[in-house]
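Reader: I would like a close look at one part of this model, with the surroundings brought in wherever they help to place that part.

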Amino acid sequence: MSSTAPAPRSPMAPPRSFLWSRRIVLTLLSGFVLLPVYVMVSSSLKPLQDVSGKFRWLPSGLTIRPYIDIWSTVPLAHYFTNSLIVAGTATVCSVVIAVFAAYAVSRHDFRGKRVFTVTVLSTQMFPGILFLLPLFLIYVNIGNATGIALFGSRGGLILTYLTFSLPFSIWMLIGYFDSVPRDLDEAALVDGCGPLRALLRVVVPAAIPGIVAVAVYAFMTAWGEVLFASVMTNDATRTLAVGLQGYSTLNDVYWNQIMAASLVVSVPVVAGFLLLQRYLVAGLTAGAVK
């Protein structure tokens, strides 16, 4: 009988110790990431008395009641609508404004171009809490002077999110538009397109991965933001990130409903990320290299 000899290892192959070390590290990292998810899912399927007591890795009984009660304990559907409107509008505004601004910076030379680019990027150096009080005072004064209610409104919250999502979106799209060949613009101009049509019909389709990456970033930033939403909203305009605290009352904390609601509100972001993952990776990679 002839035995099959093992295939010879390539001289460029990493050592076996490295492969096993990588497997161990990846296994530990996977456990570190998946363990909190398991705790959330298992806790969301337990009765409140089981969650409030000593934690058990294997639940004694499962129930979907928390997923039903989350909609009546707090007005979760109303908070969900507010978050969709605010995050969706902020995303659309960020993408539209960033496309035109980044295209102008990428394709045209003007006085103060470098100063503008550095200023846009430098806004990311400051923490958000630094802008909280100035924006609050600005909104209140505008409301007193003009009657335009920015404080406590969805519009004011959208403008607030644009102050820190738009600069990063512009900076990221500048790098991506720089990677798009200018020959495309010139070919479109030769064919009779104006600068605006060349942007919309030629450059934008070629820059879809970068635009998708910007849209995902803007949406995720607005969807999970807590600091400004806790100050700039009221009961009518409260978003999901702030509304989840309604499951904690003076008498009790509905831990199972908090876990269930947290999983429910994570669905849009996770689903969008999985669907657009291919464009997101391509956009981040191309926009980071000039």
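Which side chain meets that of Asp109 in a salt bridge? Please begin there, and then go on to helix H4 and the contacts around it.

Author: The model is a predicted one, and what follows should be read with that in mind. The side chain of Asp109 meets that of Lys113 in a salt bridge, with a distance of 3.3 Å from N to O. As a general matter, side chains of opposite charge can pair when their charged atoms come close. The two partners are covered to unlike degrees, for Asp109 is exposed, with a relative accessible area of 72%, whereas Lys113, at 22%, counts as partly exposed.

A search of the whole structure finds three salt bridges, and the pair just described is one of them. Another joins the side chains of Arg65 and Asp69, at 3.1 Å from N to O; because these residues lie four places apart in helix H3, which covers residues 65-73, about one helical turn separates them. Arg65 counts as partly exposed, with a relative accessibility of 46%. In a further bridge, Arg238 and Asp235 bring their side chains to 2.8 Å, again given from N to O, and Asp235 counts as exposed at 57% relative accessibility.

Helix H4, which spans residues 76-107, can be followed from its packing against another helix to its share of the surface. In general, two packed helices are described by the angle between their axes and the distance between the axes. For H4 and helix H10, the latter made of residues 208-223, the angle is about 145 degrees and the axes are 8 Å apart, and the crossing is right-handed. On the H4 side the contact is made by Phe80, Ser83, Leu84, Ala87, Gly88, Thr91, Ser94, Val95 and Val99, while H10 contributes Ile211, Val214, Ala215, Ala218, Phe219, Ala222 and Trp223.

Ile211, in helix H10, gives a more local view of this packing. Ile211 is buried, with a relative accessible area of 12%, and, once neighbours within four places in sequence are left aside, Ile211 is in contact with Val95, Val99, Leu173 and Val204. Val95 and Val99 are among the H4 residues that make the contact with H10. The C-alpha atoms of Ile211 and Met172 are separated by 9.1 Å, although these residues are 39 places apart along the chain.

A residue of another helix also touches members of this contact, namely Ser169, which is found in helix H7, residues 154-179. With a relative accessible area of 0%, Ser169 is buried. Not counting residues up to four places away in sequence, Ser169 touches Ser94, Ala98, Val214 and Tyr217, and of these Ser94 and Val214 also appear in the contact between H4 and H10.

Further along H4 one comes to Tyr103, whose place is in that helix. Is Tyr103 buried or exposed? Tyr103 is classed as buried because its relative accessible area is 9%, which falls under the 20% limit for that class. Leaving aside neighbours within four places in sequence, Tyr103 is in contact with Ala98, His108, Phe177, Asp185, Pro195, Leu199 and Val203. Tyr103 and Trp171 are 68 residues apart in sequence, and their C-alpha atoms are 11 Å apart in space.

H4 also takes part in the surface. Val92, Val96, Ile97, Phe100, Leu196 and Leu200 form a nonpolar patch there, with about 530 Å² of accessible area together. The elements that give two or more residues to this patch are H4 and helix H9, the latter covering 195-206, and the largest share, four residues, comes from H4. Leu200, one of the patch residues, has its place in helix H9 and is partly exposed, with a relative accessible area of 46%.

For a view away from H4, one may turn to Leu45, found in the loop between helix H1 (16-44) and helix H2 (48-52). Leu45 is partly exposed, with a relative accessible area of 23%, and, apart from neighbours within four places in sequence, Leu45 is in contact with Gly61, Leu62, Thr63, Ile64 and Tyr67. The C-alpha atoms of Leu45 and Asn256 are separated by 7.0 Å, while the two residues lie 211 places apart along the chain.

Terms used. Residues numbered from 1 in each chain as written. Predicted model: local features only at pLDDT ≥ 70, side-chain atom pairs only at ≥ 80, totals over all residues. Heavy atoms only, no water. Patch = residues over 30% accessible without salt bridge, like charges linked within 9 Å, V, L, I, M, F, W, Y side chains within 5 Å. Areas by Shrake-Rupley, 256 points an atom, 1.4 Å probe, with all protein chains shown as cover. Salt bridge = Lys/Arg side-chain N within 4 Å of Asp/Glu carboxyl O. Buried < 20%, exposed > 50% of the residue type's maximum accessible area, 1.4 Å probe, protein only. Axes fitted to C-alpha atoms, helices over the stretch in contact; angles between N-to-C directions. Left-handed = near helix turned anticlockwise from the far one by under 90°. Contact = heavy atoms within 4.5 Å.
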